[in-house]
Amino acid sequence: MTTELKGAKPSRRAFLKGAAAAGGTLAGAGVAAARAAGDPLITQVQPWTSELGDGVDAAPYGSPSQYEAHVKRRTVDWLTADPISSINFTPLHELDGIITPNGLCFERHHGGAAQIAPGDHRLMIHGLVDQPLVFTMEDLMRFPRENQVFFLECAANTGMEWRGSQLNGCQFTHGMIHNVMYTGVKLRHLLDEAGVKPSGKWLLAEGADASAMTRSIPMEKALDDCLVAWKMNGEALRPEQGYPVRLVVPGWEGNMWIKWLRRLEVGDQPWQQREETSKYTDLLENGKARRFTWEMDAKSVITNPSPQAPITHGSGPTVLTGVAWSGRGTIPQVDVTLDGGVNWHKARISGPSLDKAMHRFYFEFEWDGKPLLLQSRAHDSTGYVQPTKEALRKFRGSNSIYHNNGIQTWAVNSHGEAENVEIS
């Protein structure tokens, strides 16, 4: 049963008490009793109470409520030249907790989403190995399995913001990220099976899609924490996420997580592929480019309130929430400000704090109806602190479209409407 917060508002005392209890009830029994008086949704029998609902087989795989139809991935038509090699974005402002539902994980393809029957798929390991091998999907599933939660972020997430505020919604500024539990086999088990020669220092991963997406990966990373995964959040990978099998490269930029993984070649140096020379490099102010910038720096964003999630209840108790993550570890602290950085407050992190995974934070406050300048600032477990965009540009210029982890600002007006702005 859902209890809507309409009618009488919760008292400030009850609100703060509930917030301090980190999970306690917001309004308490007194508010619920006040709301019930004269409310037809309480006093009258509703259709869903008096009529039978759908049978158990109405939706054999399940689907969200019809009232959640607006919650979906969205694209920006002008962002890419065609809808095949394109992007859509996770609706971060509609989510809570740390796990992204599979159907809402953003998509980024370079040659469209391949449709491959698992019985027809093969994964080959060759190059500087003792024994070249070809695995079927059935072969892969006979290795010891791992379950790990990781975020996956596109290197170009927030890329349009390098030159200033561009897109009005955290779905579009920060939505090229998702966070799920992967099930698969550690990559090192497969490499051990093939026997990597001492001269094998690099790995080339290649996808089976029409673009044959390829990236060079240092052997240290491949043997450390990479997975070859076939499930996410318990179900088979979605086709747009690389079904039947993909590479998982925790904490590193998303283009290295090769989907529809078909080939792993062991070599003694990087391959200098298109996606690591002309693409996915960071063009600096002096015209030179940073290369092999794999790790994703600590970053955060307030998801509510935000341009797609305005404050609609007026002044009073208000819940601010957002997500933070780092490619180098966990997030022990997130700071938030309501006044553009004049005063910072420590946010409350709720949920598991997992290595290279998304973290959820909250900050409950009493809104007086005056304009706000909202920002969040993530600290990661290495001591790194998320910089302002201005500080980032001093080192990186504004030519790049990749690895923008600067602090995001939302300006909230007296009506509760939010806008993407830049003040630091």
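This text walks through the strands, salt bridges, cysteines and aromatic rings of a predicted model.

Residues are numbered from 1 along each chain as its sequence is written, and side-chain values use heavy atoms, with hydrogens and water left out. Because the model is predicted, local features need pLDDT of at least 70 and side-chain atom pairs count only at pLDDT 80 or more, while totals for chains, interfaces and linings use all residues.

The strands come first. Helices (H or I, at least four residues) and strands (E, at least two) are DSSP runs, numbered from the N terminus. Two strands are said to pair if DSSP finds at least two bridges between them. Strand S3 is joined to S4 by four bridges, and the two run antiparallel. Within this pairing, Met 124 has Val 134 in S4 as its bridge partner. The connection from S3 to S4 is a hairpin of five residues. S3 also pairs with strand S12 (residues 261-267), here in the parallel sense and over four bridges. Ile 125 has Leu 264 in S12 as its bridge partner.

Strand S17 (residues 333-337) likewise pairs with two strands. With strand S21 (residues 372-379) the pairing is antiparallel, over five bridges, and Thr 337 is matched there with Gln 375. With strand S18 (residues 345-346) the pairing is also antiparallel, over two bridges, and Val 336 is matched with His 345. Burial is judged by relative accessible area: buried means under 20%, exposed over 50%, and partly exposed in between (1.4 Å probe, protein chains only). Four of the five residues of S17 are buried, so this strand is largely enclosed by the rest of the structure.

Charged side chains give a second set of contacts. Side chains of opposite charge can pair when their charged atoms come close. A salt bridge is a side-chain nitrogen of Lys or Arg within 4 Å of a carboxyl oxygen of Asp or Glu. The whole structure holds 23 salt bridges. One of them joins Lys 197 to Asp 130, with the closest N and O atoms 3.5 Å apart. Lys 197 lies in the loop between helix H7 (187-194) and strand S7 (202-207), and Asp 130 in the loop between strand S3 (122-127) and strand S4 (133-136), so the pair ties together parts that are 67 residues apart in sequence. Lys 197 is partly exposed, at 32% relative accessibility, whereas Asp 130 is exposed, at 54%.

Another salt bridge joins Asp 225 and Lys 356, at 4.0 Å from N to O. Asp 225 is in the loop between helix H8 (219-224) and strand S9 (227-232), and Lys 356 is in the loop between strand S19 (348-349) and strand S20 (359-367), 131 residues apart. Both Asp 225 and Lys 356 are buried.

Glu 364 and Arg 348 also form a salt bridge, at 2.4 Å from N to O. Glu 364 belongs to strand S20 and Arg 348 to strand S19, 16 residues apart. Glu 364 is buried at 18% relative accessibility, while Arg 348 is partly exposed at 25%. Elsewhere, a network of salt bridges links Glu 161, Lys 389, Arg 393 and Glu 422.

The cysteines are next. A disulfide is a covalent bond between the sulfur atoms of two cysteines. Under the rule used here, a pair of cysteine sulfur atoms within 2.5 Å, the count is zero disulfides. For Cys 154, the closest cysteine sulfur is that of Cys 105, 14 Å away, which is too far for a bond. For Cys 226, the closest is that of Cys 154, at 18 Å, again too far. Cys 154 is buried at 6% relative accessibility, and Cys 226 is buried at 1%.

Aromatic rings complete the walk. Rings of Phe, Tyr and Trp (its six-membered ring) pair if their centres lie within 6.5 Å; planes under 30 degrees apart count as stacked, over 60 as edge-to-face and the rest as tilted. The count by this rule is 10 aromatic pairs. Among them is the edge-to-face pair of Phe 89 and Phe 172, 5.8 Å centre to centre with 75° between the planes. Phe 89 lies in the loop between strand S1 (87-88) and strand S2 (107-108) and Phe 172 in helix H6 (residues 170-174), so the pair ties together parts that are 83 residues apart in sequence. Phe 89 and Phe 172 are both buried. Ring pairs also link Trp 202, Trp 252, Phe 292 and Trp 294 into a cluster.
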